[in-house]
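Here is a short tour of one protein, written to be read with the structure on your screen. We begin with the whole chain and then settle on a single helix.

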Amino acid sequence: MARNGPRLGRAARVEARTNPAPVYLPTLDRKIGPIDLLGPEGVEKIHNAAMTVLETTGIIFRDPVALTDWKRAGAKVQGEHVCIDREMLMDLISTVPTTYKMHARNPEHSIDIGGRNSIFANAYGAPFVYGLDGVRRPSKLGPVNTIT
């Protein structure tokens with residue numbers, strides 16, 4: 001019986017079987033625009049509610065670099081708590097490009113982001129897990145809790 005390639009050792013065969021090469025999906029160019037289910041009034045309502053939350057409730061940032069950046073941009077920063085003024089935020093958002101290219105180490109895997117492009121990527125995982133005891137718990141990274 002003839003072989004088509006070099007004979008691989010057991011470890012190489014197991015590696016090839018258990019760690020297949022990743023499959024990269026191409027960027028999807030949507031041919032239709034977004035579907036507007038809310039209408040302009042609904043979008044405006046959600047936008048105003050989000051702006052109110054950002055201005056009054058704010059966000060906790062636990063990254064010192066992000067806190068420094070928000071302070072430099074003019075946001076109200078108290079400890080890790082950041083409140084962002086709606087005019088300042090809209091001004092910052094206006095500087096964001098509508099599309100950009102995310103460059104991969106291998107240029108064949110670079111993708112266009114934004115506009116009508118959709119990309120496919122792995123997501124972290126389930127928001128909840130069930131333990132061996134059948135109890136539902138939030139999933140989280142970090143040390144595994146053992147069941148006693």
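## The fold and one of its helices

In this predicted model, residues 24 or more positions apart account for 35% of the contacts with a separation of 6 or more. Of the protein's 148 residues, 14% count as buried. Its accessible surface comes to about 12900 Å², and carbon and sulfur atoms hold 60% of that.

Four helices and nine strands make up the list of elements. If you read along the sequence, you will meet them in the pattern α-β-α-β-α-β-β-α-β-β-β-β-β.

Now for helix H2, which runs over residues 39–57. With 19 residues, H2 reaches 27 Å from its first C-alpha to its last, close to the 27 Å expected at 1.5 Å a residue. Which residues of H2 are buried, and which exposed residues does the face turned away from them carry? The table sets the two groups side by side.

| Group in H2 | Residues |
|---|---|
| Buried | Gly39, Gly42, Met51 and Leu54 |
| Exposed, on the face turned away from the buried side | Pro40, Glu41, Lys45 and Thr56 |

The buried residues of H2 cover an arc of only 165° around the axis, which puts them on the same side of the helix. As a reminder, an α-helix has 3.6 residues a turn, so residues three or four places apart point the same way.

What do the buried residues of H2 pack against? Their partners are strand E2 (59–60), strand E4 (81–83) and helix H4 (86–93). Just after H2 comes glycine 58, with a positive phi near 80°.

Conventions
Residues numbered from 1 in each chain as written. Predicted model: local features only at pLDDT ≥ 70, side-chain atom pairs only at ≥ 80, totals over all residues. Heavy atoms only, no water. Helix = DSSP H or I, 4+ residues; strand = E, 2+ residues; numbered from the N terminus. Expected span 1.5 Å × (residues − 1). Buried < 20%, exposed > 50% of the residue type's maximum accessible area, 1.4 Å probe, protein only. Arc of directions from axis to C-beta. Contact = heavy atoms within 4.5 Å. Areas by Shrake-Rupley, 256 points an atom, 1.4 Å probe, with all protein chains shown as cover.
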